[in-house]
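Ready for a few hands-on exercises? Keep the sequence and the 3D view open side by side, and try each task before you read its solution.

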2 protein chains.
Amino acid sequence: MIKSVAIQGVKGSFHHIVSQQFFDENVNLIECLTFDRVVEALITKECDAAIMALENSIAGSIIPNYALIDNYNLHVVGEHYLDIQHNLMALPGQTIIDIKEVYSHPMALLQCKEFFKNHPHIKLVEDKDTAEVADRIHKNKLKGVGAIASVLAANIFNLDVLAHSIQTIKHNETRFAIVKRTNSEVAKEAINKASVKFEANHKRGSLAAILNVMSDCKLSLTKIQSLPIIDTPWKYAFFVDVTFETYADFDKAKSLIKIMAEGFKVLGEYKNAKL
Amino acid sequence: MIKSVAIQGVKGSFHHIVSQQFFDENVNLIECLTFDRVVEALITKECDAAIMALENSIAGSIIPNYALIDNYNLHVVGEHYLDIQHNLMALPGQTIIDIKEVYSHPMALLQCKEFFKNHPHIKLVEDKDTAEVADRIHKNKLKGVGAIASVLAANIFNLDVLAHSIQTIKHNETRFAIVKRTNSEVAKEAINKASVKFEANHKRGSLAAILNVMSDCKLSLTKIQSLPIIDTPWKYAFFVDVTFETYADFDKAKSLIKIMAEGFKVLGEYKNAKL
């Protein structure tokens, strides 16, 4: 039973939305300003689980988060997809003409740049977190100031949404991992996806040989990413996600790849959230 | 003959260092504040070539730059590796105790966070570009202000380096692409590396089949990265870099993969810069 969950950001952040959708609404949230702090909260047992963004359809993988999961031997026990929508919000009664300054996370400002080209009277200012600005506007009754954040943040902090979905690229799906200190308690029958890591060298065919085994064991590949291993020229770490019909197939692949590849490690076994 | 080159950032930036090391010193630099502007300069023929960071050993691939090269059908004609070293600099005569504020690019500030924990009297402020701050300190004779930038920037803007290599992770290698509007004029005999893109579906074995062909044609894989194709579930684009001994081997692989994979495209054929 999950009682408390560490998230990146404050209430109203996208990680909070994932927590609401994945867990019971009554979990206790531990708000963290960095992903390092999220992991710290998990390993010091301040919480039972943590939520970490892993990749998004615009910017690709968030490699430092893969490194955190790998280095601290955390376990991915679930995944969740969220379509990120940015909204402009301000104190009730304010209109877009009243807004002089908008504060938000640099990534959110970047994604909404085109929208603000049509509102050149608004100055854009970088800030730590999307929802935290909404909180500040609410608490200090800041007139003339806007936030870019989720509709959930507008609801929590009692702000009016002045414009919905103002990001340039309308479809921005982000994949989040639910991580724990120990392996999943999900029943084997419910598991149909896994994230693994292994090393292989530059020698021709070494990766192909491993993918052949996966294919022979009826695994389908949904993601692959090579990363050079620092200080070891021509050696690569591969992060691979696979889906499968039965756990027995994955079990068989594991026993074979363990022999073929160095540093084989299962980062998590869980239920595929993409149908 | 390359006469002018578009770079991201101003003189003294890491892209400028790459330009110096890759090209003749006398090329004319076009300084651009964004990668979009770099590509614009290239396609509007303001310059003959452009330099774009592609990936680094800490953060992984810079996916938006791959998308720019792909979408504008640019050609990678060379690659260059640079070990990024951040240095704290200020007006001559200033010491670290005099420095009250340090301005730099958010990524540089992040990478040097640990160093500044030992100097809590210094306030860190985000700015657009590393070298541009050095330029500003020099021009306005700003006392009490520091920049985090390259040694080249310190030399160009006549600043003193107060601390060398202040980044937390000492080894931060970044790979840059040299891109042009048209294909490389490099002699076929000098080409031993290529960047390709193709699409494959989620069906088991489809990627493995293509990697098998590469392996049969004696290509070695140095990088692979899958990206979901937006609005096409279960279909993936793969960006793959391969090295080879003879161009004929790559030619053979090309003709086979063209038949097997959808959307096969060569992003560039060039000389491997990693020995």
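Below are six exercises, each with a worked solution.

Before you start: this is a predicted model, in which local features need pLDDT of at least 70 and side-chain atom pairs count only at pLDDT 80 or more, while totals for chains, interfaces and linings use all residues. Residues are numbered from 1 along each chain as its sequence is written, chains are lettered from A in the order in which they are written, and side-chain values use heavy atoms, with hydrogens and water left out.

**Exercise 1. Get an overview of chain A**

Task: Find how many helices and strands chain A has, and into which domains chain A is divided.

Solution:
- Step 1. Go through the secondary structure: chain A has nine helices and 15 strands. Helices (H or I, at least four residues) and strands (E, at least two) are DSSP runs, numbered from the N terminus.
- Step 2. Look at the overall extent. Along the principal axes, the C-alpha atoms of chain A fill a box of roughly 65 × 40 × 35 Å.
- Step 3. Check burial, where buried means under 20% relative accessible area, exposed over 50%, and partly exposed in between (1.4 Å probe, protein chains only). Of the 275 residues in chain A, 56% are buried.
- Step 4. Turn to contacts, meaning heavy atoms within 4.5 Å. Among the contacts in chain A with a separation of 6 or more, 72% come from residues 24 or more positions apart.
- Step 5. Mark the domains: domain 1 is 4-84 + 172-180, domain 2 is 88-163 and domain 3 is 191-270. These bounds come from an automatic or database domain assignment.

**Exercise 2. Describe where domain 1 meets domain 3**

Task: Work out what area is buried between domain 1 and domain 3 of chain A.

Solution:
- Step 1. Place the two centres: the C-alpha centres of domain 1 and domain 3 of chain A lie 24 Å apart.
- Step 2. List who takes part. Domain 1 of chain A gives 14 residues to the contact, and domain 3 of chain A gives 13 residues.
- Step 3. Take the buried area, which is the accessible area (1.4 Å probe) that two parts lose on being put together, summed over both. Here it is about 1100 Å², and carbon and sulfur atoms give 49% of it.
- Step 4. Pick out the main contributors in domain 1 of chain A: A:Tyr66, A:Asp70 and A:Val76 lose the most area to domain 3, together 44% of what that side buries.
- Step 5. Follow two of these names into helix H3 (residues 63-71) of chain A, whose buried residues include A:Tyr66 and A:Asp70. Just after H3(A), A:Asn73 takes a positive phi of about 50°.

**Exercise 3. Trace a strand with two neighbours**

Task: Find which residues of S9(A) and S10(A) are the bridge partners of A:Leu88.

Solution:
- Step 1. Inspect strand S6 (residues 87-90) of chain A. A:Asn87 and A:Met89 on one side, and A:Leu88 and A:Ala90 on the other, are all buried, leaving both faces covered.
- Step 2. Recall that two strands pair if DSSP finds at least two bridges between them. S6(A) pairs with strand S9 (residues 145-149) of chain A in the antiparallel sense over three bridges, with A:Ile148 as the partner of A:Leu88.
- Step 3. Three bridges also join S6(A) to strand S10 (residues 160-163) of chain A, again running antiparallel. There, A:Leu88 is partnered by A:Ala163.

**Exercise 4. Find the two faces of a helix**

Task: Decide why the buried residues of H9(B) are on the same side.

Solution:
- Step 1. Helix H9 (residues 247-260) of chain B has 14 residues and reaches 20 Å from first to last C-alpha, close to the 20 Å expected at 1.5 Å a residue.
- Step 2. Its buried residues are B:Tyr247, B:Asp249, B:Phe250, B:Ala253, B:Lys254 and B:Ile257. They are on the same side of H9(B) because they cover an arc of only 145° around the axis. The arc is that of the directions from the helix axis to the C-beta atoms.
- Step 3. The exposed residues B:Ala248 and B:Ile259 are on the face turned away from the buried side of H9(B).
- Step 4. The cover over the buried residues includes strand S12 (193-201), helix H8 (206-216), strand S14 (235-243) and strand S15 (262-270) of chain B.

**Exercise 5. Repeat with a second helix**

Task: Name the buried residues of helix H2 (residues 35-43) of chain B.

Solution:
- Step 1. They are B:Phe35, B:Val38, B:Val39, B:Ala41 and B:Leu42. Their arc of only 155° around the axis puts them on the same side of H2(B).
- Step 2. Among the elements covering them are helix H1 (14-22) and helix H3 (63-71) of chain B.
- Step 3. After H2(B) comes B:Lys45, with a positive phi near 60°.

**Exercise 6. Classify a loop residue**

Task: Is A:Lys141 buried or exposed?

Solution:
- Step 1. A:Lys141 lies in the loop between helix H6 (130-140) and S9 of chain A.
- Step 2. A:Lys141 counts as exposed because its relative accessibility is 54%.
- Step 3. Its phi is near 50°, a positive value in a residue other than glycine.

Notes:
The expected span of a helix is 1.5 Å times one less than its number of residues.
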